[in-house]
Number of protein chains: 2
Amino acid sequence: MSSPRASKRVLVTMGDLCGIGPEIAAMALGSPPPGLGAQLCVVGDAAVMRRAMGWACVHRPLLHLSSLQELDALPPHCVAVWQPEGLPAGLLDCKVGQIDAKAGAAAALCIEAAVRAIQAGAADALVTAPIHKEALHAAGVDFPGHTEMLQALAAAGGVAAPVRMMLANNELRTVLVTIHCSLRKAIELVNFDSVLETLRIAHRAMLSFGIQAPRIAVAGLNPHAGEGGLFGDEEVLHISPAIAQARVEGIAASGPFAPDTVFMRARNAAEHAGEFDVVVAMTHDHGLIPVKYLGVEQGVNVTLGLPFVRTSPDHGTAFDLAGSGRADPASLGAALRMACQLLP
Amino acid sequence: MSSPRASKRVLVTMGDLCGIGPEIAAMALGSPPPGLGAQLCVVGDAAVMRRAMGWACVHRPLLHLSSLQELDALPPHCVAVWQPEGLPAGLLDCKVGQIDAKAGAAAALCIEAAVRAIQAGAADALVTAPIHKEALHAAGVDFPGHTEMLQALAAAGGVAAPVRMMLANNELRTVLVTIHCSLRKAIELVNFDSVLETLRIAHRAMLSFGIQAPRIAVAGLNPHAGEGGLFGDEEVLHISPAIAQARVEGIAASGPFAPDTVFMRARNAAEHAGEFDVVVAMTHDHGLIPVKYLGVEQGVNVTLGLPFVRTSPDHGTAFDLAGSGRADPASLGAALRMACQLLP
């Protein structure tokens with residue numbers, strides 16, 4: 001996938017069109033963060049994007065691309081939209097703010113088309129606007145989230161690598177061992193292999209972020225990290241052995257630490273120097289509660305382990321705001337910035 | 001337990017003497033928060049407290065009480081210590097910073113004596129310095145924490161009421177359905193009754209804090225609060241029915257909400273008005289991660305449902321700091337303030 005192109009290309013999928021995705025994509029591409037050093041393009045429906053630009057008061061020309069090649073000669077200050085083949089007709093009829101199978105199908109098709117374009121070398125990175133899992137489900141697309149879908153698409157493209165979700169803001173990075181499943185199932189999925197794989201992925205990711213000798217904290221699964229076995233044995237049976245093996249491999253992992261204080265310890269703020277560069281968390285909410293606590297505006301979701309760069313905002317479709325033009329594109333802007341920073 | 005006494009009395013147990021408990025108690029009583037309107041007294045070993053005052057540079061007289069009655073004529077600017085009968089001899093030989101069964105036994109005895117004094121009407125509220133669960137365990141005291149021990153002591157005193165742990169700081173209050181057990185066990189303990197009881201206790205507590213018509217948010221157990229049943233069914237089977245019943249009883253409970261964003265929504269800060277007065281969380285770490293994220297200095301643990309007021313700092317024994325005089329008494333000071341605010 002070496003690129004002889006003059007500039008890098010970042011694709012932004014429009015997400016579920018019944019949510020805020022098209023609007024925040026319009027705003028972010030209408031006024032992109034400065035200094036990205038890449039060409040941006042929405043992968044979505046041109047009519048949907050035109051409507052969203054109206055709602056969001058984005059007064060820029062919409063450039064409907066027939067091919068991604070046209071990005072090399074993109075005029076400034078326009079919103080480029082590449083409409084993949086096969087999008088359902090009549091998308092403007094989908095009722096904004098509601099679950100719609102057609103919107104779910106369109107969102108999935110845009111993601112698939114974007115990944116194929118990247119796999120074919122026609123683009124370099126993917127930034128995804130929010131999808132709605134129930135709409136995907138209604139469309140017969142049974143992935144619980146972007147992360148799992150992208151892993152499957154990468155595997156279909158010949159790269160069957162384990163992936164992990166990372167959430168990051170200016171203060172804290174967390175990488176999750178388990179994500180979109182019941183808490184009961186998550187406990188079953190915490191084992192030596194899944195924890196060790198997460199540590200390896202987190203370590204490589206921190207190196208790719210330019211952090212030398214990254215300090216990785218591992219949060220336990222149970223209260224007080226099991227309190228020496230009194231409150232559960234997953235730390236003793238699975239997590240500690242995985243940390244020990246990671247250390248043998250030269251990864252500076254430590255823990256398991258009590259989940260309730262390790263994120264506080266890792267938090268890196270003006271008045272508080274973080275003790276760690278990243279925290280590996282066993283469950284979706286152990287990791288996401290602290291990243292989101294101070295607000296989702298700066299939070300970015302990064303999929304680690306894929307053969308290409310992928311980021312997204314760390315909020316959802318916000319059906320209640322869709323169509324109002326009041327959604328905040330800050331997290332999508334942060335996701336664009338991080339995607340460009342991570343481009344090889 | 002009506003009190004004809006001139007002033008309220010707040011007992012402060014010294015905690016595990018191998019940790020920072022005696023030092024922070026010495027500092028907090030040596031320079032108590034202003035305007036408490038109550039007399040303070042350490043329940044602990046006088047020699048241990050004298051040593052701790054030296055470490056913490058608390059230059060006040062230590063007043064070794066023979067009876068709590070003496071608190072009514074307490075001279076100003078001294079640290080009152082009531083040494084309960086039966087404390088083990090040679091406590092100064094316990095090695096600071098290490099688990100010691102004798103220290104665990106002494107900590108448990110002080111808590112029991114303090115509760116009996118309150119039950120007998122000789123004092124009004126309890127503030128506990130941190131204990132170490134493994135030291136308790138080594139002493140044959142098999143409670144996973146203060147909360148469970150206090151519930152058992154209250155039951156032994158004739159008041160067998162369910163209790164819940166609340167954590168609060170200036171921005172956020174959370175009340176926990178489950179606390180000191182494995183995550184696996186916690187999932188089993190989430191049911192209609194346990195959630196409903198927690199909602200009733202949280203509601204009464206908020207009223208006692210002077211909040212009229214308290215707004216209670218309920219966090220789900222599973223990622224995305226179960227995503228409509230895709231990621232677990234505890235929300236559908238147990239949590240939502242309990243919320244519905246609470247609403248029938250006039251409690252303004254809402255949810256279940258996705259755990260990863262509900263604490264952010266409830267956070268009440270200068271730049272962010274909280275949407276809720278309290279969040280009910282299903283697990284120890286869902287509730288404690290956000291309360292502790294910005295630092296434990298202002299966090300207070302309150303046991304709800306006991307027949308008396310009980311608060312504590314929201315940090316542990318900090319064995320690594322014990323004996324250094326560098327521990328921060330801020331959270332204990334906040335616990336003292338909250339205990340005095342809650343006195344009837």
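To superpose two copies here, we fit them by least squares on the C-alpha atoms of residues with pLDDT of at least 70 in both. Keep in mind that this is a predicted model.

**Exercise 1.** Work out how chain A and chain B are related, and find which C-alpha of chain A is nearest the axis.

*Solution.*
- Step 1: Take the operation that puts chain A on chain B. It's a rotation of 180 degrees, with 0.0 Å of shift along its axis and an RMSD of 0.0 Å.
- Step 2: The two copies are therefore related as by a two-fold rotation axis.
- Step 3: Now look along chain A for the C-alpha nearest that axis: it belongs to Pro290(A), 2.9 Å away.
- Step 4: Check the surfaces. Both copies use the same one, as 100% of the contact residues of chain A recur in chain B.

**Exercise 2.** Describe the area buried between chain A and chain B, and name the three residues of chain A that supply the most.

*Solution.*
- Step 1: Count who takes part: 42 residues from chain A and 42 residues from chain B.
- Step 2: The buried area comes to about 3900 Å², and carbon and sulfur atoms give 65% of that.
- Step 3: The top trio is Leu183(A), Ile289(A) and Tyr293(A), with 20% of what chain A buries against chain B.

**Exercise 3.** Find the salt bridges across the interface, then say which helix of chain A gives the most to the side touching chain B.

*Solution.*
- Step 1: The rule finds six salt bridges across the interface.
- Step 2: Try a pair yourself: the side chains of Arg184(A) and Glu234(B) meet at 2.9 Å, N to O. That fits the cut-off of within 4 Å.
- Step 3: Turning to helices, H10(A) gives the most, with eight residues.
- Step 4: Sort that side of chain A by class, and you get 19 nonpolar, 12 polar and 11 charged residues.

Key: Residues numbered from 1 in each chain as written. Chains lettered and ligands numbered in written order. Predicted model: local features only at pLDDT ≥ 70, side-chain atom pairs only at ≥ 80, totals over all residues. Heavy atoms only, no water. Contact = heavy atoms within 4.5 Å. Buried area = accessible area lost by both parts, 1.4 Å probe. Helix = DSSP H or I, 4+ residues; strand = E, 2+ residues; numbered from the N terminus. Nonpolar A, V, L, I, M, F, W, Y, C, P; charged D, E, K, R; others polar.
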